[in-house]
Amino acid sequence: MPPGPRMPRGLQTAIWSRQAQWLLQESRARFGRMFTIKMAYEGDWAVLSDPELVKQVFTGDPCVFHAGEGNQILRPFLGDNSVLVLDEKKHIAQRKLLLPPFHGERMQAYGEKMSEIAGREIESWPTGTPYKLRPRMQAITLEIIIETVFGVHAGERMDALRSALRDFLDLTTNPRLLLPALTIGPDRMTRTRAFRRRVEPVDKLISEEIADRRAAEDLAEREDVLSMLLLARHEDGSPMSDAEVRDELLTLLVAGHETTATALSWAMERLTRHPEKLERLRAEVEAGEEAYLTATIQETLRLRPVIVVVLRRLTEPVELGGYELPAGVSVAPCIHLIHRDPQIYPEPERFLPERFLDDPPGTYTWIPFGGGVRRCLGAAFAQFEMAVVLRELVRRRQVQPADPAPERPFRRAITETPRHDATVVLS
Ligand code: HEM
C-alpha cells in the first residue's frame with residue numbers, strides 16, 4: 001500500500017469522522033498523490049488525487065472495482081435491493097430500471113413543480129433577520145422529492161410521509177451516529193431501537209402508497225418516478241417487487257435530498273461572500289441567460305463538493321500508480337483533492353464561476369458526482385433543481401451574509417455542510 005499517516009486506525013477513523021478535509025490535505029502534502037488511510041470497520045483506503053489514476057478506476061472493470069461494497073454502511077437504511085449497495089449484474093439490473101426517469105430531457109416535466117415549490121417556500125422566509133438557509137433548502141428538496149419522485153401531492157398522506165421521512169433522514173445525517181456506525185458496522189445498527197423506531201413508520205407509509213399506486217387507473221399517464229418504476233420491467237419481463245421499489249425510493253430520497261440541499265446552501269454561502277458575482281447572476285437570470293447560472297453551480301460543486309471521496313473495494317489485486325494493491329482494500333478517488341489541485345484549477349481556493357464559462361468541466365477533473373458506471377444517477381436532476389431554486393431565490397430576494405466571515409465546512413455523517421447552515425439576511 002502507498003504510505004500514509006502512522007496514527008492508530010481508531011484515531012484516523014475519529015479524525016475522518018470530524019475533520020476529513022484536514023486529514024486529506026495533510027496526507028496529500030506529506031505523502032503525495034496516492035496515500036493510505038486506515039478506517040475502523042471499512043479497512044484501508046488508497047486515496048487518489050491524480051486524474052489519470054481516477055480515470056483508471058472509473059473506467060475499470062466493475063467486477064473488480066466494487067462500489068456497492070464500499071457503500072455497505074448505507075444498507076441498513078436503504079435495504080438489500082438498493083442500487084447504491086449492489087455490484088455487478090444486480091447493480092446494472094437496478095440501474096437500468098432507474099435510469100429512464102432521470103434522463104436529462106425528462107427534467108422539463110418536473111420544472112414547473114420545482115419552481116412552484118421553491119417560490120412558495122422562499123415567499124415564506126422572513127426578511128431583515130438572520131436566517132439559516134440550510135434547513136429551508138432541505139424543506140425544498142424534500143418537498144420536491146415527495147412530489148416528483150414519490151408522486152404524492154398535498155393531503156393527509158403527504159403530511160404523514162413528510163414527517164416520517166424527516167425523522168428517517170435525521171437518522172441518516174446525524175453527525176453523532178457516524179462514528180458508532182463506522183465502528184459497529186451496519187448489521188448491528190439495524191438492531192438498535194432508535195433505528196427501528198424511525199424506519200418502521202416509513203416502511204408502512206411507503207407500502208401503502210405502493211399498493212394504492214399499483215391499483216391507480218391513471219398509472220400510465222403519471223410522470224412521477226414511483227409510477228415509472230411500477231411500470232418498468234426487468235429483462236425477463238417481471239415487474240419490480242414491492243421491496244425493490246421501497247429500497248430504490250429510499251435510495252433516491254437519501255442520495256438526493258441532503259446532497260442537493262447542501263449544494264444549494266453552499267451556493268448561497270459562496271455567492272453572498274462575493275456580492276458582485278451574486279449581482280451578475282441576478283442580472284443574467286433576469287435577462288433569461290443560463291450560462292452564468294450553470295457556471296455558478298459547477299463552481300460551487302468544485303469548491304465545496306458535498307461528498308469528499310467515492311470508494312471502490314477491490315475484488316482482486318490491481319496495479320495502480322506503481323503499487324500492486326491487494327484484494328479487499330478500497331481505492332478512493334478523492335473529489336476534494338482533485339478539485340483543489342492548482343495545476344488543474346489555478347487559485348483553487350477562489351470562488352470563480354467564470355472559470356467554467358469558456359472551459360466546460362472535465363470528466364476526470366470535475367467529479368462531484370463520481371464517475372463511470374456508478375456516476376450519480378441524479379446528476380442532471382440535481383443540477384436542474386439547483387438552477388430552478390437559485391433562479392427563484394435571486395429573482396425574489398436580495399441576500400446578504402449574516403456575518404461576512406466565510407462559513408467553514410462541517411461534517412454531517414456523509415456530507416460536508418456550511419458550519420452555520422448558510423445564515424443570511426434577506427430583504
Ligand atoms: C448536488 C447533489 C448531488 C451530489 C453532489 C451527488 C453525488 C453523488 C455521488 C458522489 C455518488 C457516488 C458516485 C460514485 O460512486 O462514483 C452518487 C450516487 C448516486 N446518486 Fe447522487 N448526488 C446528488 C444528487 C442526487 C439526486 C438528486 C439523486 C436522485 C434523486 C441522486 C441519486 C443517486 C444514486 C441513485 C446514486 C447511486 C448510483 C449507482 O450506484 O449506480 N443523487 N451521487
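User: Which residues of H15 are buried?

Analyst: The buried residues are Tyr292, Leu293, Ala295, Thr296, Ile297, Gln298, Glu299, Thr300, Leu301, Arg302 and Leu303. Buried means under 20% relative accessible area, exposed over 50%, and partly exposed in between, using a 1.4 Å probe and protein chains only. This is a predicted model, where local features need pLDDT of at least 70, side-chain atom pairs count only at pLDDT 80 or more, and totals for chains, interfaces and linings use all residues. Residues are numbered from 1 along each chain as its sequence is written, and side-chain values use heavy atoms, leaving out hydrogens and water.

User: What makes H15 largely enclosed by the rest of the structure?

Analyst: Eleven of its 13 residues are buried, so H15 is largely enclosed. Helices (H or I, at least four residues) and strands (E, at least two) are DSSP runs, numbered from the N terminus.

User: How do you know that the span of H15 agrees with its 13 residues?

Analyst: The expected span is 1.5 Å times one less than the number of residues. For H15 (residues 291-303) that gives 18 Å, and the end C-alpha atoms are 18 Å apart, so the two agree.

User: Why is Cys334 called buried, and why is Cys63 called partly exposed?

Analyst: Cys334 has 0% relative accessibility, so it counts as buried. Cys63 has a relative accessible area of 36%, so it is partly exposed.

User: Why does Cys334 have no bond to the sulfur of Cys376?

Analyst: A disulfide is a pair of cysteine sulfur atoms within 2.5 Å. The closest cysteine sulfur to that of Cys334 is in Cys376, 18 Å away, so it is too far for a bond. A search of the whole structure finds zero disulfides.

User: What makes Cys376 a donor to the iron atom of the ligand?

Analyst: Donors are N, O and S atoms within 2.8 Å of the metal (3.2 Å for Na, K and Ca); water is not among the atoms, so sites may look incomplete. The SG of Cys376 is 2.2 Å from the iron, and Cys376 is the single donor from the protein. Cys376 lies in the loop between helix H17 (355-358) and helix H18 (379-396).

User: What makes the contact of Arg95 with the ligand a polar one?

Analyst: A polar contact is a pair of N or O atoms within 3.5 Å; within protein, one must be able to donate a hydrogen and the other to accept it, and residues adjacent in sequence count only if both atoms are side-chain atoms. A polar side-chain atom of Arg95 lies 2.7 Å from an oxygen atom of the ligand. A backbone N or O atom of Gly371 lies 3.0 Å from a ligand oxygen.
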